[in-house]
Amino acid sequence: MSINIDSPTAPPITPSHLEVFDSYVREHYEGILPGRNDMPVVVFDAFHEGVFEDDPDALAAALAEAYMYAEFPSRALDMSEWVRMFDEPGFVENGMRRDRPTAVPTLYRACAAAHQDGMSWTDDLDMAKFFFRRAEGLDPRLLQLEDLTPADVLARFHGEGSRRE
């Protein structure tokens, strides 16, 4: 399973779907908004408390916010938890539930050798090369995935509001 984070322009995530989640955060965290690196755990807690049970659009938006803006989302939660949560709303694009794409381009991932099994991939080879150079000294790897099916991709974040990764 992968998440494709790339660079073409697209509309930003709309915060209107986050109202349910915002109410949960205000109630459970006494109005203090947790930091961006805390958001994966906050979304996880809300998910397991049933906050998104009747609102898959809110879950899609909250997952996008938590995944895109945490520095290392796969360190905050186990990959299996991310997959479980992303499976609920179906394919997510920029925080919105969408139909799965009909095809998946070649995807790339640059990382330290110890993080080859990560979920964040890009279809922008130049972006992958940037991360490869950034991982210098950490035994970097430049990975490539071809022939993925649309079912292999959980989400796609791109354009304004994304990290372009």
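This note goes through the predicted model point by point, from the overall fold to its pockets and a few single residues.

1. Overall make-up. The protein has 165 residues, and 41% of them count as buried. Six helices and seven strands make up its secondary structure. Read from the N terminus, the order of elements is β-α-α-α-α-α-β-β-β-β-α-β-β. As for sequence separation, take the contacts between residues at least 6 apart in sequence: 74% of these join residues at least 24 apart.

2. Helix α2. This helix covers residues 39-48, and its buried residues are Met39, Pro40, Val42, Val43, Ala46 and Phe47. These residues lie on the same side of α2, because the arc they cover around the axis is only 160 degrees. The spacing can be read against the helical repeat: an α-helix has 3.6 residues a turn, so residues three or four places apart point the same way. The partners of the buried residues of α2 are α1, α3, α4 and α5, the last of these being residues 79-87. After α2 comes Gly50, with a positive phi near 85 degrees.

3. The largest pocket. Its volume is about 680 Å³. The lining consists of 27 residues, of which Phe72, Arg109, Ala110, Cys111 and Arg134 are the closest to the centre of the pocket. At least two lining residues come from each of α4 (73-76), β4 (107-112), β5 and α6. Strand β4 supplies the largest share of this lining, with five residues. By residue class, the lining holds 15 nonpolar, five polar and seven charged residues.

4. The second largest pocket. This one encloses about 170 Å³. Its lining is made up of Leu18, Phe21, Asp22, Leu33, Pro34, Arg36, Met39, Glu65, Ala66 and Tyr69. Two or more of these residues come from α1 (19-28), and likewise from α3 (56-69). The largest share belongs to α3, which gives three residues. Seven of the lining residues are nonpolar and three are charged, with no polar ones. Met39 appears in this lining and is also one of the buried residues of α2.

5. Thr122. This residue sits in the loop that joins β5 (120-121) to α6 (125-134). Is Thr122 buried or exposed? Its relative accessibility is 4%, under the 20% cut-off, so Thr122 counts as buried. Its side chain makes a polar contact with the backbone nitrogen of Asp124, at 3.0 Å. The two elements that flank this loop, β5 and α6, each supply at least two residues to the lining of the largest pocket.

6. Ala135. The loop between α6 and β6 (140-145) contains Ala135. With a relative accessibility of 8%, again below 20%, Ala135 counts as buried. Which residues does Ala135 contact, leaving aside its neighbours within four places in sequence? They are Cys111, Ala112 and Pro140. The C-alpha atoms of Ala135 and Cys111 are 6.2 Å apart, although 24 residues separate the two along the chain. Cys111 is also among the residues closest to the centre of the largest pocket.

Technical notes. Residues numbered from 1 in each chain as written. Predicted model: local features only at pLDDT ≥ 70, side-chain atom pairs only at ≥ 80, totals over all residues. Heavy atoms only, no water. Helix = DSSP H or I, 4+ residues; strand = E, 2+ residues; numbered from the N terminus. Buried < 20%, exposed > 50% of the residue type's maximum accessible area, 1.4 Å probe, protein only. Polar contact = N/O pair within 3.5 Å; in protein donor to acceptor, adjacent residues only side chain to side chain. 1 Å grid on protein atoms, 1.4 Å probe; cavity = no way out; pocket = protein on both sides within 12 Å on 5 of 7 lines; lining within 4 Å. Points joined across faces, edges and corners; volume = space filled by probe spheres on them. Nonpolar A, V, L, I, M, F, W, Y, C, P; charged D, E, K, R; others polar. Arc of directions from axis to C-beta. Contact = heavy atoms within 4.5 Å.
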